[in-house]
Amino acid sequence: MSLATGSYLARRAAQKERVRILYRRALKDTLNWAVHRHLFYHDADALRERFDANKNVEDVDTIDRMITAGEASYNKWRHPDPYIVPWAPGGTKFCRNPTPPAGIEIIYNFGREDND
């Protein structure tokens, strides 16, 4: 394998990774915009069609431009208040029960202490 072929394959692999990440982020963001699941399915199909329309493009420079345009479009239309799972970082229940401060003893065998 020549150096040019190796460089081409590495660039294509990086492009595939960027497209995969862009598709996943856009699909998850589509779920933020769709209130109900039946609306999400329609939007997800439309998103998939947009990606599949350019599936057979071979020119690496054109692919780079398309990825950059797609990322710019995603950043422009990203949801301003995305849904966050409550127990995830940034969620409403994250760290609701913090660890107790140092010096407080927790007795796990309550009611079964040794009676000395």
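## Helix H2 and the segment after H3

The buried residues of H2 are Phe40, Ala44 and Leu47. These three sit on the same side of H2, because they cover an arc of only 60° around its axis. Welcome to this structure, which is a predicted model. The points below look at helix H2, and then at two residues in the segment that follows helix H3.

**Helix H2**

- Helix H2 runs through residues 37–52, which makes 16 residues.
- At 1.5 Å a residue, H2 should span 22 Å, and its end C-alpha atoms are indeed 22 Å apart, so expectation and model agree.
- Turn to the face of H2 that points away from its buried side, and you will find the exposed residues His38, His42 and Glu49.

**Cys95**

- Cys95 lies in the segment after helix H3, which covers residues 60–77.
- The phi of Cys95 is near 60°, a positive value in a residue other than glycine.
- For context, most residues other than glycine have a negative phi.
- Is Cys95 buried or exposed? Its relative accessibility is 56%, and exposed means over 50%, so Cys95 counts as exposed.

**Thr92**

- Thr92 also has its place in the segment after H3.
- With a relative accessibility of 65%, Thr92 counts as exposed.
- How far apart are Thr92 and Ile104 in space? From C-alpha to C-alpha they are 26 Å apart, while in sequence they are twelve residues apart.

Note on methods. Residues numbered from 1 in each chain as written. Predicted model: local features only at pLDDT ≥ 70, side-chain atom pairs only at ≥ 80, totals over all residues. Heavy atoms only, no water. Helix = DSSP H or I, 4+ residues; strand = E, 2+ residues; numbered from the N terminus. Expected span 1.5 Å × (residues − 1). Buried < 20%, exposed > 50% of the residue type's maximum accessible area, 1.4 Å probe, protein only. Arc of directions from axis to C-beta.
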